[in-house]
Amino acid sequence: MSDEIIVICGPESFFLDDVEENCVDCGSKVFHRPHTPKGTYICLRCLLKRVSDNPRFQGSFRVTKETVKEVLEELKMRKTKH
Ligand SMILES: [Zn+2]
């Protein structure tokens, strides 16, 4: 499916309200933000494997504005803590 929404998930939880899922390819535990669109949850390792196995791999990658804002705020907070 070319209009598949692929949600790239991290292996570790970063925020307290992260949602736990299982990677569609390897089944390992991954985390995503609660406001990401519904789609295929995949870990970064499996995503890179899919892309290297099939250079024409197509998908719709999304990062919500909320996620960008949250990450930037978190980084700002961590910088000022020092
Ligand atoms: Zn995986």
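Start the tour at Arg56. Select this residue: Arg56 counts as exposed because only 12 or fewer C-beta neighbours inside 10 Å are allowed for that label, and Arg56 has 5. Arg56 sits in the loop between α1 and β5. Now add Glu73 to the selection. The two residues are 17 apart in sequence, and their C-alpha atoms are 35 Å apart in space.

**The whole chain**

Zoom out. What you see is a predicted model. The mean pLDDT of the chain is 88, and 96% of the residues score at least 70. Colour by confidence and compare the elements: β2 has the highest mean pLDDT (96), and β5 the lowest (78).

Switch to a cartoon view. The chain holds two helices and five strands. Trace the chain along the sequence and the pattern reads β-β-β-β-α-β-α. The C-alpha trace spans about 45 × 25 × 20 Å along its principal axes. Of the 82 residues in the chain, 11% are buried. Take the contacts between residues at least 6 apart in sequence: 47% of them join residues at least 24 apart.

**Stop 1: Phe57**

Stay in the loop between α1 and β5, and select Phe57. Is this residue buried or exposed? Phe57 counts as exposed, because it has 11 C-beta neighbours inside 10 Å and the limit for exposed is 12. Show its contacts next. Beyond its neighbours within four places in sequence, Phe57 touches Arg50 and Val51. Then pick Pro34. Phe57 and Pro34 lie 23 residues apart in sequence and 26 Å apart, C-alpha to C-alpha.

**Stop 2: the open sheet**

Select β4, β1 and β5. These three strands form an open sheet in the order β4-β1-β5, with parallel pairing. The edge strands are β4 (40-43) and β5 (60-61), and each pairs on one side only. Backbone hydrogen bonds are what pair the strands of a sheet, in parallel or antiparallel fashion.

Now focus on β1, residues 5-9. Two bridges join β1 to β5, and the two strands run parallel. Which residue of β5 stands opposite Ile6? Select Phe61 in β5: that is the residue facing Ile6.

**Stop 3: helix α1 and the core**

Select residues 44-53. This is helix α1, which lies across β1 and β4. The helix runs at about 95° to β4.

Pick Leu47. Its contacts are Ile6, Ile8 and Ile42, not counting residues up to four places away in sequence. Leu47 also belongs to the largest nonpolar core. Select the full set of eight: Val7, Ile8, Cys9, Val30, Tyr41, Ile42, Cys43 and Leu47. Which elements give two or more residues to this core? They are β1 and β4.

**Stop 4: the hairpin**

Select β2 and β3. They form a hairpin, with six residues between them. Gly27 is in the turn, and its phi is positive, about 75°. Four bridges join β2 (residues 19-22) to β3, and the strands run antiparallel. Find one pair: Val19 stands opposite His32 in β3.

Now look at β3 by its two faces, using residues 29-32. Val30 and His32 make up the covered face. Lys29 and Phe31 make up the uncovered one. Val30 is also one of the residues in the largest nonpolar core.

**Stop 5: Phe31**

Stay in strand β3 and select Phe31. How many other C-beta atoms lie within 10 Å of Phe31? There are 17, so Phe31 is partly exposed. Add Asp18. The two residues are 13 apart along the chain, and their C-alpha atoms are separated by 6.0 Å. Show the rest of the contacts, leaving aside neighbours within four places in sequence. Phe31 is in contact with Cys9, Gly10, Glu12, Ser13, Asp18, Val19 and Glu20. Among them, Cys9 is also a member of the largest nonpolar core.

**Last stop: helix α2**

Select residues 65-80, helix α2. Put a distance between its end C-alpha atoms: 23 Å. At 1.5 Å a residue, its 16 residues should span 22 Å, so the two values agree. How many of its 16 residues are buried? The number is zero, so α2 lies largely in the open.

How values were computed. Residues numbered from 1 in each chain as written. Predicted model: local features only at pLDDT ≥ 70, side-chain atom pairs only at ≥ 80, totals over all residues. Pairing = 2+ DSSP bridges. Contact = placed C-beta atoms within 7 Å. Axes fitted to C-alpha atoms, helices over the stretch in contact; angles between N-to-C directions. Core = buried A, V, L, I, M, F, W, Y, C linked by C-beta atoms within 7 Å. Buried ≥ 20, exposed ≤ 12 C-beta atoms within 10 Å, placed from the backbone. Expected span 1.5 Å × (residues − 1). pLDDT = per-residue confidence, 0-100.
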